[in-house]
Structures are given as C-alpha cells and as structure tokens.
Amino acid sequence: MKGTFFITGIDTNIGKSYATGWLAREWNSKGIKTITQKMIQTGNVGHSEDIDLHREIMGIPFTPEDKERITFPIVYSYPASPHLAAEIDDRIIPIEKITESTRILQSRYDVVLLEGAGGLMVPITRRYLTVDYIADQKLPVILVTSGRLGSINHTLLSIEALVNRNIPLYGMVYNTFPKTDERIDKDTEEYLKTYLNEHFPQAHFWTLPEIALHR
Ligand SMILES: Nc1ncnc2c1ncn2[C@@H]1O[C@H](COP(=O)(O)OP(=O)(O)OP(=O)(O)O)[C@@H](O)[C@H]1O
Ligand SMILES: [Mg+2]
C-alpha cells in the first residue's frame with residue numbers, strides 16, 4: 001500500500017486529528033510505514049498542535065521530519081480559517097510548500113495522511129478552496145464524520161462536493177466520540193454505512209473508538 005490520502009471532515013473539531021493519529025497507528029502496526037502531515041496549522045506558533053496530537057496517539061516521539069517542520073510546513077498564529085489567519089499574519093500561503101513537503105514525506109514513507117484544516121469548503125485563499133487543492137493534487141479522500149445531530153446532512157453534502165470535482169472517496173471514519181443520543185448515534189452510523197455501501201462499494205468504513213490519552 002502506497003500513497004497520500006487527504007483527511008477531511010464534515011466540520012472543524014469533528015475528530016480529524018484523532019482519526020489521523022489512529023489510522024497512522026493502525027497502519028504502522030500492520031507494517032505500512034505511515035506518516036502524517038498537517039496542511040496548514042492555525043492558532044499556533046512554532047509547532048502544530050495537530051501533529052503533536054498525532055504523535056501522542058501514535059505513541060511515538062517527534063520524527064526527524066517533525067523536527068525539520070516538513071510535517072507542518074505552514075503555521076499561522078491566529079486561530080481562524082487559513083485565508084484569514086494568513087491575512088492577519090500578513091504572510092501569503094505558499095501552497096507549493098505544502099506539495100513539496102508531501103513529496104518529501106512520500107519519498108520516505110509508504111503512506112502520507114494529510115490532514116486539512118476544517119472541512120472541504122474551507123478557503124485557503126479568498127479564491128482557492130481546500131477542495132480545489134485536493135482536486136488539483138488528485139488526492140483520494142478519507143472523510144471523518146460522527147453521530148452529532150446534523151451530521152448526515154453535512155456528510156452527504158461533503159460527498160456531493162467530492163463527486164462534483166471527481167475526487168475519489170477512499171473511505172469514511174465514523175467517530176463514536178462524543179457519545180450523544182444513543183438512538184441517533186446508532187442510526188447515523190447504520191445510515192452512513194449503508195449509504196457508502198450503495199454508492200461507494202469500494203470505499204472503506206472505519207469506526208473510531210473513543211481514545212483516552214494518558215496525560
Ligand atoms: N475518538 C476520540 N476520542 C477521544 N476524544 C476525541 C475523539 N475524537 C475527538 N475527540 C475530542 O474532540 C476534540 C476535537 O477533535 P480533533 O482535534 O481530532 O478535531 P479536528 O477535526 O482535528 O479539529 P481541527 O479542525 O481543529 O483540526 C479533541 O480535542 C478531543 O477532545
Ligand atoms: Mg485537527
């Protein structure tokens with residue numbers, strides 16, 4: 001197994017980082033050499049809290065690529081959408097730096113899991129969306145969703161955006177955290193699994209457990 005997968009979610013705070021760290025841990029344990037990258041980190045200075053979290057979940061120390069900041073090539077201080085965070089820090093987003101970092105990681109690992117910021121329609125610049133980057137780079141997508149009320153709607157809308165741009169859906173991660181209404185939880189998982197089976201029979205479906213970190 002080789003390649004770069006783009007990890008997106010139906011919304012910010014849906015569990016992309018947890019899903020990314022968990023998939024990386026699972027695949028590494030199966031002998032698939034997997035590294036993670038954060039496309040654009042906002043709300044930090046000099047590190048990426050998402051990469052920190054990936055490593056914690058993977059149970060590994062920072063990699064040489066983390067120390068060289070290849071895994072988080074772009075960091076803005078203001079916790080906002082990338083387009084706004086870049087404007088506030090007065091630094092234009094060097095999109096080619098993201099691509100170059102992924103290329104380096106791909107040359108050293110079997111799999112790169114590239115975590116986006118927020119969801120598919122998040123602007124990178126005022127004229128360029130996250131989904132445009134995914135389409136330009138021809139990356140297969142792993143979509144993170146959950147049983148939160150409203151998520152069936154957000155999930156199907158996200159899938160429509162992928163289909164619109166001919167972006168392959170590689171798989172879906174159903175995050176069981178946070179536990180909400182048990183009936184809605186169970187039904188949402190069932191609904192999405194069936195939907196995927198019918199419309200994307202090749203796509204994977206993973207159920208992400210609640211992960212307790214030892215802090
Ligand atoms: N499977 C899980 N087990 C335990 N806690 C979780 C899980 N999924 C999400 N969380 C909690 O929800 C928060 C948000 O999850 P996460 O950071 O993965 O979201 P995200 O989609 O990556 O957000 P962002 O858009 O900021 O990158 C986490 O800080 C954690 O507290
Ligand atoms: Mg994240």
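**Loops, metal site and ligand pocket in a predicted model**

Colleague: In this predicted model, where is the place of Pro178?

Modeller: The peptide bond that leads from Phe177 into Pro178 is cis, its omega being near 0 degrees. As for its place in the chain, Pro178 belongs to the loop between β9 (169-175) and α8.

Colleague: Which residues are the protein donors of the magnesium ion (ligand 2)?

Modeller: The donor residues follow the spacing S-x32-D-x64-E along the sequence, and the donors lie 2.1 to 2.2 Å from the ion. The atoms concerned are an OG, an OD and an OE, and the residues that carry them are, in that order, Ser17, Asp50 and Glu115.

Colleague: How many residues apart in sequence are the parts that Ser17 and Glu115 tie together?

Modeller: Ser17 and Glu115 are both protein donors of the magnesium ion (ligand 2). Ser17 lies in helix α1 (residues 16-29), whereas Glu115 lies in strand β5 (residues 111-119), so this pair links parts of the chain whose separation in sequence is 98 residues.

Colleague: Are the donor residues Ser17 and Glu115 buried or exposed?

Modeller: A residue counts as buried when its relative accessible area is under 20%, and as exposed when that area is over 50%. Ser17 has a relative accessibility of 9%, so Ser17 falls in the buried class. Glu115 has a relative accessible area of 1%, and therefore Glu115, too, is buried.

Colleague: Which residues come nearest to ligand 1?

Modeller: Ligand 1 sits in the largest pocket, and there are 17 residues around it. Of these, the ones that come nearest are Thr12, Lys16, Ser17, Asn175 and Ile211.

Colleague: Which element gives the most residues to the shell around ligand 1?

Modeller: Two elements, α1 and β5, each supply at least two residues of the shell around ligand 1. The greatest contribution to this shell is 3 residues, and the element that gives them is α1.

Colleague: How much of the accessible area that ligand 1 has on its own does the protein cover?

Modeller: A polar backbone atom of Ser17 is 2.8 Å from an oxygen atom of ligand 1, and a backbone N or O atom of Tyr18 lies 3.0 Å from an oxygen atom of the ligand. With Asn175 the contact runs through the side chain, one of whose polar atoms lies 2.9 Å from a nitrogen atom of ligand 1. On its own, ligand 1 has 630 Å² of accessible area, and the share of that area covered by the protein is 79%.

Colleague: What is the value of phi for Asp90 and for Asn166?

Modeller: Asp90 is in the loop between α4 (82-88) and α5 (95-108), and its relative accessibility of 70% makes it an exposed residue. Asn166 is found in the loop between α7 (151-164) and β9 and is exposed as well, with a relative accessible area of 71%. Neither Asp90 nor Asn166 is a glycine, yet phi is positive in both, being near 55 degrees for Asp90 and, for Asn166, about 55 degrees.

Colleague: How far apart in space are Tyr191 and Ile152, C-alpha to C-alpha?

Modeller: Tyr191 is part of helix α8 (residues 182-199), and with a relative accessibility of 38% it counts as partly exposed. Although Tyr191 and Ile152 are 39 residues apart in sequence, their C-alpha atoms are separated in space by 8.1 Å.

Colleague: What separates the C-alpha atoms of Phe62 and Phe205, and those of Pro61 and Ser29?

Modeller: Pro61 and Phe62 are both found in the loop between α2 and α3, where Pro61 counts as exposed at 64% relative accessibility and Phe62 as partly exposed at 44%. Phe62 and Phe205 are 143 residues apart along the chain, and the distance between their C-alpha atoms is 29 Å. For Pro61 and Ser29, which are 32 residues apart in sequence, the C-alpha to C-alpha distance is 16 Å.

Colleague: How far apart in space are Met1 and Thr125?

Modeller: Met1 lies in the segment before β1 (3-9) and is partly exposed, its relative accessible area being 43%. Met1 and Thr125 are 124 residues apart in sequence, and from C-alpha to C-alpha their distance in space is 33 Å.

Note on methods:
Residues numbered from 1 in each chain as written. Chains lettered and ligands numbered in written order. Predicted model: local features only at pLDDT ≥ 70, side-chain atom pairs only at ≥ 80, totals over all residues. Heavy atoms only, no water. Donors = N, O, S within 2.8 Å, 3.2 Å for Na, K, Ca; no water. Helix = DSSP H or I, 4+ residues; strand = E, 2+ residues; numbered from the N terminus. Buried < 20%, exposed > 50% of the residue type's maximum accessible area, 1.4 Å probe, protein only. Near = heavy atom within 4 Å. Polar contact = N/O pair within 3.5 Å; in protein donor to acceptor, adjacent residues only side chain to side chain. Areas by Shrake-Rupley, 256 points an atom, 1.4 Å probe, with all protein chains shown as cover. 1 Å grid on protein atoms, 1.4 Å probe; cavity = no way out; pocket = protein on both sides within 12 Å on 5 of 7 lines; lining within 4 Å. Sits in = over half its atoms within 2 Å of the grid points.
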